[in-house]
Amino acid sequence: MHILVGLHAVLGEIGALAFLWVFVDLLNPNETRIKRACRVALIGVILLFLAWFAGGYYYLTQYGSVVKPVIKAGPTPWAHDIFTETKEHIFLFIPFLAVLAYGLLERYRDAIHENRNIAVAIVILSGLIVAMAFAMAGMGFIISSGFRSALESKIL
Amino acid sequence: MKINSTALIRATTGTIWAIVAMTLASELSPSFKNFLVSTAGHHWIAKSVFSVLIFILIYLSFIKSKEPRNVLKSVAVVFASVILGGLVIFSFFVWQYFK
C-alpha cells in the first residue's frame with residue numbers, strides 16, 4: 001500500500017464524479033445548471049491533472065522498481081504486461097477529454113439551452129470521462145491483485 | 001479570448017492518435033524508445049510532455065478556424081477515436097503478451 005496510489009485513485013475518482021455531475025446537470029440544462037456545470041467541470045479538470053501527476057510520480061518512483069518486478073515474477077505477469085501497459089497509456093486520453101468538455105461548456109454556455117446538440121455532445125463526453133475513469137479503477141484493481149497474488153505465492 | 005471549439009476538438013483528436021502512435025512506436029522501435037528516454041529521462045514522461053505539446057500545437061494551428069456547424073458530429077469523431085484508439089492499445093499489449 002502506498003499513499004500516492006490512494007491519492008491518485010481519490011483524485012481520479014472525485015474528478016470523474018465531477019464529470020458525472022456535469023452529465024446529470026446537462027441532461028436537463030437551465031441557466032443555473034449550466035453555470036454550475038462550468039464550475040464543476042473546471043474542478044474536474046484540475047483534479048484529473050493532479051491525478052495524472054500523483055499517478056505518474058508513483059509510477060516513476062515506486063512502481064517500476066518495486067511493484068513491477070514482483071508482479072512479473074508472480075503467477076499473473078499479464079497484470080503488468082497487459083493491464084499496466086494499457087492503463088498507463090489510455091489514462092493519458094482522460095485529461096484532454098476533460099479539457100475538451102470544459103472548453104465546450106465555456107464556449108457554448110449561453111447557447112446550450114437553445115441548442116440540444118451541444119448539450120448532448122457534452123453529456124457524451126462527460127459520460128465517456130466517467131466510464132474511462134472507472135475503467136482505470138478496474139485496471140488498478142487487476143494490477144493490485146497481480147501484486148498481491150505474487151506476494152501470496154511467496155508467503156503462503 | 002473566446003475558446004475555438006474546432007481547434008479544441010481537432011487538438012483532442014490529434015493528441016489521442018499521437019498517444020496511440022507514440023505507444024506503439026516506442027514498443028516496436030527501440031531507437032524511438034531511446035529517443036523518448038533521452039529527451040525526458042523516462043519514455044512515459046516524454047509521452048506525457050509530448051502529448052501536452054501536441055495538444056497546444058494543434059490548438060494554436062487551428063485557432064482561427066470556423067466554429068463547427070455540428071458540434072455533436074465533431075464530438076462523435078472524438079468519441080470514436082477514444083474507443084478505437086483504446087482498443088488498438090489494449091489489443092496491441094494483448095498481442096505482445098501472447099506472441
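These legends describe close-up views of a predicted model with chains A and B.

**View 1. The largest nonpolar core draws on both chains.** This core holds 71 residues. Phe19(A), Phe93(A) and Leu97(A) touch the most other members. In chain A, the elements giving two or more residues are helix H1 (3-27), helix H2 (31-73), helix H3 (78-90), helix H4 (93-107) and helix H5 (116-155). In chain B, they are helix H1 (5-28), helix H3 (43-61) and helix H4 (71-98). H2(A) gives the largest share, 16 residues. As background, nonpolar side chains tend to be buried together in soluble globular proteins.

**View 2. Leu97(A) touches residues of both chains.** Leu97(A) is among the three core residues that touch the most other members. Residues up to four places away in sequence are left out of the list that follows. Within chain A, Leu97(A) touches Leu125(A), Leu128(A), Ile129(A) and Met132(A). Across in chain B, Leu97(A) touches Thr12(B), Ile16(B), Val78(B) and Val82(B).

**View 3. Chain B meets chain A in a contact that buries about 3,200 Å².** Carbon and sulfur atoms carry 82% of that area. Chain B brings 39 residues to the contact, and chain A brings 33 residues. On the chain B side, Trp44(B), Leu72(B) and Tyr97(B) lose the most area to chain A. Together these three make up 21% of what that side buries.

**View 4. Polar links join chain B and chain A.** Between the two chains, 6 residue pairs are in polar contact, both partners at pLDDT 80 or more. The count of salt bridges is 1. Arg107(A) and Glu67(B) form a salt bridge through their side chains, at 3.5 Å from N to O.

**View 5. The side of chain B that touches chain A is built with residues from H1, H3 and H4 of chain B.** Each of these helices supplies at least two residues. H4(B) supplies the largest share, 15 residues. By class, this side has 24 nonpolar, 11 polar and 4 charged residues.

**View 6. Ser26(B) sits in helix H1 of chain B.** Is Ser26(B) buried or exposed? Its relative accessible area is 1%, so Ser26(B) counts as buried, the cut-off being under 20%. The side chain of Ser26(B) reaches the backbone oxygen of Thr23(B) at 3.0 Å. Beyond neighbours within four places in sequence, Ser26(B) contacts Phe32(B), Lys33(B), Leu36(B) and Lys47(B).

Key:
Residues are numbered from 1 along each chain as its sequence is written. Chains are lettered from A and ligands numbered from 1 in the order in which they are written. This is a predicted model: local features need pLDDT of at least 70, side-chain atom pairs count only at pLDDT 80 or more; totals for chains, interfaces and linings use all residues. Side-chain values use heavy atoms; hydrogens and water are left out. A nonpolar core is a set of buried Ala, Val, Leu, Ile, Met, Phe, Trp, Tyr and Cys residues joined through side-chain atoms within 4.5 Å. Buried means under 20% relative accessible area, exposed over 50%, partly exposed in between (1.4 Å probe, protein chains only). Helices (H or I, at least four residues) and strands (E, at least two) are DSSP runs, numbered from the N terminus. Contact means heavy atoms within 4.5 Å. Buried area is the accessible area (1.4 Å probe) that two parts lose on being put together, summed over both. A salt bridge is a side-chain nitrogen of Lys or Arg within 4 Å of a carboxyl oxygen of Asp or Glu. A polar contact is a pair of N or O atoms within 3.5 Å; within protein, one must be able to donate a hydrogen and the other to accept it, and residues adjacent in sequence count only if both atoms are side-chain atoms. Ala, Val, Leu, Ile, Met, Phe, Trp, Tyr, Cys and Pro count as nonpolar, Asp, Glu, Lys and Arg as charged, and the others, Gly among them, as polar.
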